[in-house]
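Colleague: Before I rely on any of the labels in this predicted model, I would like to hear the reasoning behind a few of them.

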Amino acid sequence: MNTLDLHERIEQLEQELLALEMENHELTQKVLKAQFEDHKLREIQKLAKVGTWSLNHLSYNLSISSELSMILFGEDLAPQSLSWDYFLQLIGGLAEQNVGTTIMQEVIIGGQQKTFEHKMIKPDGEILYVKHCCETFYNSIGQPLNSVGLMQDITLEKVNEIRLEQLSITDELTGLNNRRKTNEVLVAQHDLVQRYDSDCTAILFDLDLFKQFNDLFGHQTGDEVLKTVAQKIKDNLRSADICGRWGGEEFLVICQNTSLGDAAMVAEKLRCVLAAINLSCKMPVTASFGVAQFAKGESLQAFLKRLDQTLYTSKKAGRNQVNTAVYQA
């Protein structure tokens with residue numbers, strides 16, 4: 001090889017080396033970009049509180065992302081390995097939330113794609129609400145290969161939603177159901193009686209001479225009386241009884257699956273409990289009660305009129321007493 005050929009060969013090798021360096025630089029930039037995109041995706045997942053899981057149907061190995069591990073276990077409680085059975089147990093940790101486990105089985109066995117929300121109990125006892133999307137993928141001959149899922153922590157949104165819902169149905173002063181919620185229950189129970197002829201009775205009671213509390217001691221004392229009465233009601237009603245503030249100093253109790261006679265005993269118990277309240281102002285608290293049972297064929301408007309008239313009878317007869325109304329078709 002002469003000098004000219006050698007020089008050309010060296011020049012060719014230098015060009016090839018430069019091309020390789022440029023290609024290497026380009027590949028390095030792509031790797032860095034991919035790493036950045038991966039980092040960005042992980043940061044977005046953290047901000048969105050999203051994590052993923054994958055189940056291999058050949059080995060039945062479960063893998064979960066670090067983001068999902070953080071959502072489910074936090075930094076300190078994450079297990080080194082996670083079995084599918086334990087994962088299902090974790091998802092179905094609440095008896096009333098077995099729907100979560102059932103849907104997961106439908107995805108794994110039936111190959112369905114599902115998006116659903118459910119509630120879990122984390123290993124530390126904390127309640128977790130999640131939005132869950134999962135799907136199973138198959139090979140060309142219909143055998144399951146992988147099931148994958150994406151879980152998003154929506155606990156904060158759900159807690160706020162529940163809190164706002166609770167505020168919308170709660171009387172701010174007494175903590176009892178407000179008029180709107182009480183009326184919803186009333187309508188629902190009336191419909192049940194019309195449909196199935198079940199027993200349901202309502203108790204309407206009004207605090208006697210309540211205006212005197214406001215006139216003699218001020219509205220703050222009047223508010224304290226209402227709150228004290230509400231607490232006594234909560235403490236002494238049965239678990240199935242539903243009570244709401246019907247308006248002002250008037251309260252309505254709906255006694256589900258309860259006859260007129262049994263509801264009258266509930267009303268008498270409440271009358272005695274309220275009469276025993278000992279206020280700092282030394283003024284007694286009494287109430288007049290009307291008790292009426294829903295009747296099949298009677299409109300809700302007619303029932304409420306009959307109940308109100310029964311309460312008025314107690315007022316007219318001297319207050320601090322219970323009166324019942326028997327339906328007459």
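The conversation below takes up some of those labels in turn.

Colleague: Why is the contact of Lys122 with Glu126 called a salt bridge?

Modeller: The closest N and O atoms of Lys122 and Glu126 are 3.6 Å apart, and because the cut-off is a lysine or arginine nitrogen within 4 Å of a carboxyl oxygen, the pair qualifies.

Colleague: And what makes Lys122 buried or exposed?

Modeller: Lys122 has 13% relative accessibility, and since buried means under 20%, Lys122 is classed as buried. Glu126, at 41%, falls between that limit and the 50% above which a residue is exposed, so Glu126 is called partly exposed.

Colleague: How do you know that Lys227 and Glu224 are separated by about one helical turn?

Modeller: They are three residues apart in helix H8, and an α-helix has 3.6 residues a turn, so residues three or four places apart point the same way. The side chains of Lys227 and Glu224 meet in a salt bridge at 3.1 Å, N to O.

Colleague: Which residues gather in the patch of negative charge on the surface, and what is the accessibility of Glu14?

Modeller: Asp5, Glu8, Glu11 and Glu14 form that patch. Glu14, in helix H1, has a relative accessible area of 51%, and because exposed means over 50%, Glu14 is counted as exposed.

Colleague: What makes helix H2 mostly covered?

Modeller: Six of the eight residues in H2 are buried, namely Glu67, Leu68, Ser69, Ile71, Leu72 and Phe73.

Technical notes: Residues are numbered from 1 along each chain as its sequence is written. This is a predicted model: local features need pLDDT of at least 70, side-chain atom pairs count only at pLDDT 80 or more; totals for chains, interfaces and linings use all residues. Side-chain values use heavy atoms; hydrogens and water are left out. Patches are made of residues with over 30% relative accessible area and no salt bridge: like charges are joined within 9 Å, nonpolar side chains (Val, Leu, Ile, Met, Phe, Trp, Tyr) within 5 Å. Accessible areas come from the Shrake-Rupley method with a 1.4 Å probe; for residues, only the protein chains shown count as cover. Lys and Arg count as positive and Asp and Glu as negative; His and the chain ends are not counted. The place of a charge is taken as NZ of Lys, CZ of Arg, CG of Asp or CD of Glu. Helices (H or I, at least four residues) and strands (E, at least two) are DSSP runs, numbered from the N terminus. Buried means under 20% relative accessible area, exposed over 50%, partly exposed in between (1.4 Å probe, protein chains only).
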